[in-house]
Amino acid sequence: MQKRWKEDVFIVTAVDLGPLKKLRIRHDNSESYSSWYLDRVEIVDTKEDTTYYFPCNRWLAVDEDDGQIARELVPVDEAFMRKDDDEGTSGTLGLEQKSMSTTYTLKIKTGEKKYAGTDANVFAILFGENDDTGIINLKACKNYKNKFEQGMINEFTVEAVDLGDLVKVRIGHDNSGGSPGWFLDWIDIEAPSQGQRMRFPCGRWLDKGEDDGATVRDLYPADLQTEFYTPFVPYEIKIYTTDVFGAGTDADVFIVLYGRKGLCTQQKHLCVNKRERRLCFERGAEDMFIVELEDIGDVIEKIRIGHDNSGTNPGWHLDRVEIRRQLRKGKGSETTIFPCERWLAKSEDDGETVRELVPSDIITQKLLRDGTLKTTETEVEDALETHTYTVSVRTGDMYGAGTDANVFLTIYGDLGDTGERKLAKSENNKNKFERGEVDKFNIEAVDLGQVFKIRLRHDNSMIGADWYLDQVEVLDVETEEVYMFLCERWLSTKKEDKRIDRTFYVKGYEGERSSDPYSKMIAQAKLGVDKNANKKKKKKKAAVVEEGPIIPYHFTLSTGIERDASTTARVYVIIIGPNDVETDRLWLDLPEGKKSFTAGSMEHFVCYGTDVGEIKRVELGHNGVTPESCWLVDELSVAVPTKGIKYIFPCKCWLAKDRGDGLTARLFNVLDSSTINIIRKVVYSVTVATGDIQYAGTDTNIFLTVFGANGSTEEMLLPKNEDRFERGQEDTFTLEIDDIAPLKKIRVRIDGTGSRPDWFLDRILMRNLTTEEEYLFTYENWLSKTKGPKRTKVCELAAVVDDEEMVEKTTYIIQVQTSDVAGAGTDANVFLIVFGEYGDTGTLPLKESTNRNKFERKMKDVFRFPDMLSLGELSKVRVWHDNKGPAPGWHLEYIDVKDEALDNTFRFPCDRWLAKNEDDGQIMRELACANNDFVDLSDKTKYEIATTTANTDDASTTENVWILLEGRKARSKEFVLENKKKKFLSGATDTFEFSSKHVGEIASICVGHITKDGKKVKNEAFWHVMEVVVTEKELGNKYFFHCDAQIPLAAKKDQFQTFECYKSIESFASKVRNLVPVKYEIIVITGDVKAAGTDANVFITMYGVNGDSGKRHLRQKFRNLFERGRTDRFVLEMLDLGELLRVKVEHDGTSPNSGWYLECIEVTNTANSVTTIFHCGKWLHTAKADGQIQRVLYPRY
């Protein structure tokens, strides 16, 4: 049968099928020479007298085309067929057929196990909702000749017509060949025209002798691993090679299409393998490719076509490119013609192997109602012009700045980009990219519009590939516009963040840089984007919820330590509040470089999701479905910093298909968790502006501490995140900051590490995202040990609100009186921190005294610290020395601190030793201020009560309200808030003042709604109260009660509602009164597990409502501390911290076996015998859990 151009006629009798939709034709490949090229099938329905044309124009052959011996064909309109007869050419129908069929790319992964591969013949059947494909022999693999070997991913193409959504795949083999057993890991099926990629996991043997002995398996898609994207559309690309000598090429040709506004497709390689490359692009040839690519809109503005210059004589002379697409409305197509008529060759023309082409003509073919084709040809009027861009690259003038690596550049404008171009031939230097040199390159590209960013990379080849790039200038020769890029960064695998690929924005760029992962997360969370499975199958109708605010959630996951406990699957959490309000699926993706949740590890994540209110349940699951992906979860903790609460779920269960109960997702109830109060945080947006001065940018570590009227934060590291803190840039990101507003000042510190340790900080702007309050901090100076006038690595900046500084500048004069005791003096280095209303001064080294020999017996030393930010009223000082020098013990009598701006001196008496061998052996003391003792608390005080009525129409009342305060010491009388001058109107805040006895700390209030003069209640009425704030006037402590309740009107005071205090702010005066010296007993229990003990030095910092203790070394003479299963006891004296909020425990990792398993810490305030227990139960070990050697512990209640 296989002769050229032969027509065979068969007569088939069959049931009436109605209009024909598709045709499947195959042969059995049984004889030799069974390759068959089928032109078309015509079917005449004699009853209806209609003819169907099924064009094929393809091989049915194992060794040709895509290797399939079965085809599905679709009928096309007669007019399209006739068009061909006139011209005598055949086969331009690929596009129409492609758009009616679906191309599936199958990626088949063979497992990594020993003997996983097979040489048997593998087949597959795809089952859709409407139909299946029939048996497909997987013979012609696109990327490997020897298929299905261990660990290999093989690619196949399958075309099918109208299957509907895929529901399963059947895969099997014929058990032929030596060792036919096959371990199949998974199959990925991508259908670009439907815009989805599905994963069919297997993770089992197809082997007569393994598992259940089956060699055929049915696989089902893993819902959570399905990815959706915008569907691709088919393009028919015809490439005409010129008929001149040496025009053809065997190089790898690629193409990129551009639409309007820089919208472009991916770079598409037209040939898949060497064989195709040899057959295509011959002299005078016309090659047609049908490819599916992103939809770039109605107009193709330009294309980029090029090759990789591989093979012998790779130079190529391209005549033109024609791209045909189907019309969006109606039947027909549109062909855009891109003339080239130039060489793409290293040795011809300008030596470029990439060209950008713009359209010259557009040919439209439309199928009219009467069945004829109408062809129209139009010239493209406003095609973009080709521009030349001169790129000047300046290499830095410093040691080792030059490179000999290959450098690649991409220029981006608002109309598109140039694609990656190699900077090969410098116009002015033979040796490119040498230290301090400027190299010029010309790049030809279609007009990019306004250039706004460039991407530069090198391939790290040759010796000394590290490159310091100073700046890049891009000149658009046609418009004479110059675009300046200040780079000043290393592209090196050894320096900075070890990256050799960087993106730079044009100087003065205002647009979106998207360097902040938080803003991306928030944007995604707002869209509710769940990258895969965003078409969530809603089983239960979740309560439709008004999108609440987006808040951060912090997760910590600990994996168990049994065999097979680890997993490589993707893990997610869903947080569920009351009424089934839930967040999107929050994926906990591991950081770069980590492949799996390994046994015994502990991982931390931050995700952004909807605020669901009070958390009720948490769902934890993963998307793994194979036996390999089983996971043993030990513990999950969920922290909600904006609410100041953390839940710890002791999971201790398998999430696995084949372990335990076979579930890969579980719901945990909050009632089963232990709840911990953590620091409440507020989300601020922080904008950091780096100066526009040479080398202003840095890659050093930058730390920020924020001070407010209600406390201070710990020092926080500002993450560099690839390209923050660079010259002339403003970087905006979010930070979670303790609830200490109003802000007073910040302290910025750099540690001087990194390849570029100096930083010129211009200013920092902080904005509270809830209240929209803004604080500006200006510095405009260097933080550097070598640059600028100050030569300092730390600065303090006052907050400016509406052009007013929140704290004023002052000079502190510190007088230190050493006692008149034998051996009182010291030669050790002494340090001091002063604490006050607005934070602290940071560590002040007491170096430059009025006396040459400092801290001698009976001497007074005076130290001046000019240009300090005033702390207002002072509360305490912390003083210590480093125990250096001979006889370092020191007996200190007192310290006086004078604030020159306030003209006020604060006295801090001590009269004790700071010595390891005297008194209690401590060399750090905290001294309370003696000025504050005069406040005498009488029994009587005044309370101010402020009520806020809800802002709804029916919230107000004309009657009276009464309130009673429940204090820790006593209960107040009932205060009647009389409704005299139109009080309690909706949205209003009303203030009342009452004298009363002191009730102590207020725990709760009772609120009632009562008629005037005790009248009877006629109609039921309510007062809707939002909030009550009670202020105790003598010390100024504030108590906040969140009510949001309807209080019913009553005639007597027997009806009321009770509200608990949700937040209290203790005034500075009140805190200072509590600062008395207290001895704390600290008991440290080391766990009873293998290698739990440590020989490293252990430090503790305790935090309470009155402040913190500073970092204290836990040590005892002549004792081996912190051994396995042991309990160690320490006594430290410090000023009363009040209620303990948290402790920070750390060790310095100095000894060889410094890893430590800490069970728990008990802290007892010996003055009032209150014991607080801080449970840890975790490693402080660089190689275990999360690798941290410090832990912050919160009390369990």
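# Salt bridges and sheets in a predicted model

Biologist: How many salt bridges does the count come to?
Modeller: Keep in mind that this is a predicted model. A pair counts if a side-chain nitrogen of Lys or Arg sits within 4 Å of a carboxyl oxygen of Asp or Glu. By that rule, the number of salt bridges is 91.

Biologist: Take arginine 277 and aspartate 252, which meet in a salt bridge. How many residues apart in sequence are the parts that the pair ties together?
Modeller: Their side chains meet at 3.9 Å, N to O, and both residues are buried. Arginine 277 belongs to helix H3 (residues 274-279), while aspartate 252 is in the loop between strand E14 (233-241) and strand E15 (253-258), so the pair ties together parts whose separation in sequence is 25 residues.

Biologist: And which residue does glutamate 356 meet in a salt bridge?
Modeller: Glutamate 356 is in strand E21 (residues 354-357), and the partner is 52 residues apart, in strand E18 (residues 302-307). Both members of the pair are buried. The N to O distance is 3.0 Å, and the partner is arginine 304.

Biologist: Is glutamate 726 buried or exposed?
Modeller: The cut-off for buried is under 20% relative accessible area. Glutamate 726 has a relative accessible area of 5%, so it counts as buried.

Biologist: Which lysine forms a salt bridge with glutamate 726?
Modeller: The closest N and O atoms of this pair are 2.6 Å apart. The lysine counts as buried too, at 16% relative accessibility. Salt bridges that share partners put the pair in one network with Arg489, Glu496, Asp497, Arg502 and Arg756. The lysine you're after is lysine 720.

Biologist: On to the whole chain. How many strands are there in the protein chain?
Modeller: The chain has 1197 residues, and 50% of them are buried. Its C-alpha trace spans about 120 × 85 × 70 Å along the principal axes. Next to five helices, the number of strands is 79.

Biologist: What share of the contacts with a separation of 6 or more comes from residues 24 or more positions apart?
Modeller: Here a contact means heavy atoms within 4.5 Å. Among contacts in the chain with a separation of 6 or more, the share from residues 24 or more positions apart is 70%.

Biologist: Which strand does E68 pair with in the parallel sense?
Modeller: Strands of a sheet can pair either parallel or antiparallel. With strand E67 (residues 1022-1032), E68 pairs in the antiparallel sense over 10 bridges, and with strand E70 (residues 1063-1065) it runs antiparallel over three bridges. The parallel pairing has two bridges, with isoleucine 1010 opposite alanine 1050, and the partner of E68 there is strand E66.

Biologist: Lysine 1038 in E68 is the bridge partner of threonine 1031. Which residue in E70 is the bridge partner of lysine 1038?
Modeller: Threonine 1031 is in strand E67 and, at 10% relative accessibility, counts as buried. It touches several residues, including Tyr943, Glu944 and Lys1038. On the E70 side, the bridge partner of lysine 1038 is isoleucine 1065.

Biologist: Which residue takes a positive phi in the hairpin of E67 and E68?
Modeller: That hairpin has four residues between the strands. The phi in question is near 85°, and the residue is glycine 1036.

Biologist: Which are the edge strands of the open sheet with the order E75-E71-E77-E78?
Modeller: This sheet has four strands with antiparallel pairing. Inside it, strand E77 (residues 1156-1165) is joined to E78 by nine bridges, and isoleucine 1161 stands opposite phenylalanine 1174. An edge strand pairs on one side only, and here those are E75 and E78.

Biologist: What is the average turn between neighbouring strands in the sheet E36-E33-E38-E39-E41?
Modeller: That one is an open sheet of five strands with antiparallel pairing, and its edges are E36 and E41. Direction ignored, its neighbouring strands are turned against each other on average by 25°.

Biologist: Last one: what area does the nonpolar surface patch of Leu475, Val477 and Val482 have?
Modeller: Valine 482 lies in strand E31 (residues 481-491). At 47% relative accessibility it counts as partly exposed. Together with Leu475 and Val477, valine 482 makes a nonpolar patch of about 210 Å².

Conventions: Residues are numbered from 1 along each chain as its sequence is written. This is a predicted model: local features need pLDDT of at least 70, side-chain atom pairs count only at pLDDT 80 or more; totals for chains, interfaces and linings use all residues. Side-chain values use heavy atoms; hydrogens and water are left out. Patches are made of residues with over 30% relative accessible area and no salt bridge: like charges are joined within 9 Å, nonpolar side chains (Val, Leu, Ile, Met, Phe, Trp, Tyr) within 5 Å. Accessible areas come from the Shrake-Rupley method with a 1.4 Å probe; for residues, only the protein chains shown count as cover. Buried means under 20% relative accessible area, exposed over 50%, partly exposed in between (1.4 Å probe, protein chains only). Two strands pair if DSSP finds at least two bridges between them. Axes are lines fitted to C-alpha atoms, for helices over the stretch in contact, and angles run from 0 to 180 degrees between N-to-C directions. Lists of a residue's contacts leave out its neighbours within four places in sequence.
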